[in-house]
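Colleague: Hi! I'm new to this one, could you walk me through it?
Modeller: Happy to, let's pull it up.

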Amino acid sequence: KMSSLSISAAWDESKVILAREGKLLATVALALIVFPQTVFAVIGAPIGPDASGISVITYFVVIILGCAAQIALNRLAVGPAVTVGSAITTGFRRVGSVAIVGFLVAFGVVFVAILLLFILGALHLITVPTPGQTPPASVLLLLMVLIIPVFATFQLVFPVAAVETGNPL
């Protein structure tokens, strides 16, 4: 039998986790999210062809650290209790799997979007904009229909990566 979902029960569980692991979560967040983001803000985002090499490298390092931190924070929150070092190790070990899942999801979305554009375009239900032209509302709606569920689903990748040990497929 599946238990019923309750926002208040989820909130109560979150408060217990935060009370139990709050200092550990804050330490991991400061080390792997706040500090790299601060360094990135000082160096600047890589923009255009004139981007400095250090900003591009920093950008990718911050992304990797952020993904590892998300996995580590989820690992600390899910339980059973682990050390910060173990959670961070799990985070870095699972970053590759998260990257593969992200690539596969992005590839799938692009494939479905192109397929839908061809089909809907052939049926004259949607018009594909030319370069420089503002996209019609139908194209924007199609993108929203594809992207919003993918974004919501991808949010589950980090908790799953924190507790599972299998391959990303």
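Modeller: This is a predicted model. Let's start with helix α2: at 1.5 Å a residue, its 26 residues should span 38 Å, and its end C-alpha atoms are 38 Å apart, which agrees.

Colleague: Nice. Which residue follows α2, and what is its phi like?
Modeller: Gly-79 follows α2, and its phi is positive, near 85°.

Colleague: Let's look inside α2. Is Thr-58 buried or exposed?
Modeller: Thr-58, which lies in α2 (residues 53–78), has 11% relative accessibility, so it counts as buried, the cut-off being under 20%.

Colleague: What is Thr-58 in contact with?
Modeller: If we leave aside its neighbours within four places in sequence, Thr-58 is in contact with Val-39, Phe-40 and Ile-43.

Colleague: How do α2 and α3 sit relative to each other?
Modeller: Their axes come within 7 Å and cross at roughly 125°. The two helices are therefore oblique to each other. As for handedness, α2 passes α3 in a right-handed crossing.

Colleague: Which residues meet there?
Modeller: On the α2 side they include Ile-64, Leu-65, Ala-68 and Arg-75. Among those they meet in α3 are Val-84, Ile-88, Phe-92 and Arg-94. By class, the contact of α2 with α3 divides into 13 nonpolar, two polar and two charged residues.

Colleague: Switching partners: how do α3 and α4 cross?
Modeller: Helix α3 covers residues 84–122 and helix α4 covers residues 137–154; their axes come within 11 Å and cross at roughly 160°. That angle makes α3 roughly antiparallel to α4, since over 145 degrees counts as such. The crossing of α3 and α4 is right-handed.

Colleague: And which residues make the contact?
Modeller: From α3, they include Val-98, Val-105, Val-112 and Leu-116. From α4, the contact is made by Leu-142, Leu-146, Ile-147, Val-150 and Phe-154. The contact of α3 with α4 has 13 nonpolar residues, one polar and no charged ones.

Colleague: Does a residue turn up in both contacts? I mean, where does Val-98 appear?
Modeller: Val-98 of α3 takes part in the contact with α4, and Val-98 is also listed where α2 meets α3.

Colleague: Last topic. Where is Val-160 found?
Modeller: Val-160 is found in helix α5, residues 157–163. It is partly exposed, with a relative accessible area of 45%.

Colleague: How far apart are the C-alpha atoms of Val-160 and Ile-148?
Modeller: They are separated by 19 Å, and the two residues are 12 residues apart along the chain.

Conventions:
Residues numbered from 1 in each chain as written. Predicted model: local features only at pLDDT ≥ 70, side-chain atom pairs only at ≥ 80, totals over all residues. Heavy atoms only, no water. Axes fitted to C-alpha atoms, helices over the stretch in contact; angles between N-to-C directions. Helix = DSSP H or I, 4+ residues; strand = E, 2+ residues; numbered from the N terminus. Parallel < 35°, antiparallel > 145°, perpendicular 65-115°, else oblique. Left-handed = near helix turned anticlockwise from the far one by under 90°. Contact = heavy atoms within 4.5 Å. Nonpolar A, V, L, I, M, F, W, Y, C, P; charged D, E, K, R; others polar. Buried < 20%, exposed > 50% of the residue type's maximum accessible area, 1.4 Å probe, protein only. Expected span 1.5 Å × (residues − 1).
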